[in-house]
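Here is a short report on one protein model. It covers enclosed and open space, a buried helix and several loop residues.

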Amino acid sequence: MEQRDFGTTGLRVSALGLGAGQVGDAALTEEHVGTLLNRAVDRGVTLVDTARGYGLSEERIGRHLSYRRHDFILSSKGGYGADGADDWTPQAIRLGIEQALTRLRCDWIDIFHLHSCPPDTLRREDLLGALDDARAAGLIRVAAYSGENEALAWAAQSGRFGSLETSVNLADQWSRHQVLPAAQDAGLGVIAKRPIANAAWRFTQRPAGDYAETYWERLGQLDLNGVREAAGLDWTQFALRFSAYAPGVHSAIVGTASIENLERNVRIVQEGPLPLDVLTHIEAAWRAHGADWGGEV
């Protein structure tokens with residue numbers, strides 16, 4: 001698996017990362033989760049991304065991966081849900097990080113994001129100062145923001161963050177065009193979430209309640225199926241290779257609870273970027289139909 005410099009942060013991350021939201025599902029057995037997490041790291045997937053809101057995810061990463069903490073880069077998110085603190089306060093940042101470290105059974109979090117807060121919250125000096133304090137104390141290595149649109153654009157140019165996490169996929173390219181070039185110039189690390197657009201192509205009709213509605217509509221308007229078929233790729237190959245090799249992206253995180261899907265995703269990313277002619281068709285479709293679309297929150 002290709003390992004990339006994470007901007008100028010000093011970290012190195014894999015081109016494919018593991019979104020660990022689904023491993024937080026209490027219905028999964030500990031044996032299955034442990035096998036999945038260790039298989040990912042064994043395959044060179046060295047970025048593991050979690051969050052306070054992902055069920056049992058942090059506890060399970062601690063249980064199954066803490067013994068090999070130096071083998072992977074740990075990304076988490078917070079600002080809310082800290083015991084003993086109101087959401088989006090300096091106390092929520094400090095206590096949230098401390099409590100996450102306990103759940104994760106480790107001494108530091110490599111990348112810690114403010115998790116999708118609105119612009120007015122993001123700009124608050126007391127919250128930014130709490131992140132600075134956590135970094136100075138060695139509890140986190142990189143302060144980051146995860147989100148979209150106006151808040152993301154502000155975070156990219158603020159000088160207060162070392163990395164960003166944002167949606168980058170065939171149907172969600174606002175950040176790729178509007179923010180990632182400046183982020184790259186500033187040396188920020190970039191994690192692409194939702195790189196396979198929530199697999200919206202699974203549905204023959206517009207889904208409801210599956211977090212794929214907007215992407216389903218957009219993919220229909222972009223009409224990329226002919227391009228995909230001509231390239232001889234299935235939808236997952238088409239989408240994941242686009243996102244993982246988008247300019248400015250250092251790691252594309254795919255969430256899965258399936259060991260089979262994890263292995264498939266590793267193989268796909270190792271195939272490299274899409275051919276130039278395919279990328280040209282995708283860009284033309286985006287300029288024709290998606291240039292005015294914002295990022296999907």
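## The cavity

What volume does the largest cavity have? About 50 Å³. The model, which is predicted, holds one cavity of 30 Å³ or more.

The lining of the largest cavity includes R52, E58, S76, K77, G78, G79 and Y80. G96, A100, R103 and F112 also line the cavity. Two elements, β5 (73-78) and α3 (90-104), each supply at least two residues of this lining. By class, the cavity lining has three nonpolar, four polar and four charged residues.

The loop between β5 and α3 holds W88. Phi of W88 is near 60°, a positive value in a residue other than glycine. W88 counts as buried because its relative accessibility is 18%, and the cut-off is under 20%.

## The largest pocket

The largest pocket has a volume of about 1,000 Å³. Its lining comprises 31 residues. Those nearest the pocket centre are Q22, R194, N198, Y211 and G255. Three elements give two or more residues to the lining: α9 (213-222), β10 (251-255) and α12 (259-270).

How do the residues of the pocket lining divide into nonpolar, polar and charged? Twelve are nonpolar, ten are polar and nine are charged.

## Helix α9 and the loop before it

A197 sits in the loop between β9 (189-193) and α9. Its phi is near 55°, again positive in a residue other than glycine. Is A197 buried or exposed? A197 is buried, with a relative accessible area of 2%.

Within α9, the buried residues are E213, Y215, R218, L219 and L222. The spacing of such positions can be read against helix geometry. An α-helix has 3.6 residues a turn, so residues three or four places apart point the same way. The cover over the buried residues of α9 includes β8 (163-167) and α13 (276-290). Just after α9, D223 takes a positive phi of about 55°.

## Helix α11, an enclosed element

Why is helix α11 described as largely enclosed by the rest of the structure? Ten of the ten residues of α11 (residues 235-244) are buried, so the helix is largely enclosed. The buried residues include W235, F238, L240 and F242. T236, Q237, R241 and S243 are also among the buried residues, as are A239 and A244.

D234 caps the N-terminal end of α11. A side-chain oxygen of D234 lies 3.1 Å from the backbone nitrogen of T236.

## R241: a buried arginine

R241 belongs to helix α11. At 10% relative accessibility, R241 counts as buried. Which backbone oxygen lies 2.9 Å from a polar atom of the side chain of R241? The backbone oxygen of P273 does.

Leaving out residues up to four places away in sequence, R241 touches L233, T236, I268, E271, G272, P273, L274 and P275. R241 and Q270 are 29 residues apart in sequence. In space they are 8.9 Å apart, C-alpha to C-alpha.

## Two buried loop residues

H250 is placed in the loop between α11 and β10. Its relative accessibility is 14%, so H250 counts as buried. The side chain of H250 reaches the backbone nitrogen of G7 at 3.5 Å. Beyond four places in sequence, H250 touches R4, D5, F6, G7, V13, S14 and A15, among others. It also touches L188, G189 and V190.

T46 is found in the loop between α1 (30-42) and β4 (47-49). T46 is buried, with a relative accessible area of 13%. Among the residues that T46 touches, beyond four places in sequence, are Q3, R12, V13 and S14. D71, F72 and I73 are in contact with T46 too. V13 and S14 thus appear in the contacts of T46 and in those of H250.

## The annotated span

UniProt, in an unreviewed entry, lists residues 16-286 for "domain: NADP-dependent oxidoreductase". How far apart are the end C-alpha atoms of residues 16-286? They lie 24 Å apart. The span is 46% helix and 15% strand.

Terms used. Residues are numbered from 1 along each chain as its sequence is written. This is a predicted model: local features need pLDDT of at least 70, side-chain atom pairs count only at pLDDT 80 or more; totals for chains, interfaces and linings use all residues. Side-chain values use heavy atoms; hydrogens and water are left out. On a 1 Å grid over the protein atoms alone, a cavity is a set of points where a 1.4 Å probe fits but cannot get out, and a pocket is an open set with protein on both sides within 12 Å along at least five of seven lines; lining residues have an atom within 4 Å of a point. Grid points are joined across faces, edges and corners, and a volume is the space filled by probe spheres set on the points. Helices (H or I, at least four residues) and strands (E, at least two) are DSSP runs, numbered from the N terminus. Ala, Val, Leu, Ile, Met, Phe, Trp, Tyr, Cys and Pro count as nonpolar, Asp, Glu, Lys and Arg as charged, and the others, Gly among them, as polar. UniProt positions are given in the numbering used here, feature names are shortened, and annotations may be inferred rather than shown by experiment. Buried means under 20% relative accessible area, exposed over 50%, partly exposed in between (1.4 Å probe, protein chains only). A polar contact is a pair of N or O atoms within 3.5 Å; within protein, one must be able to donate a hydrogen and the other to accept it, and residues adjacent in sequence count only if both atoms are side-chain atoms. Contact means heavy atoms within 4.5 Å.
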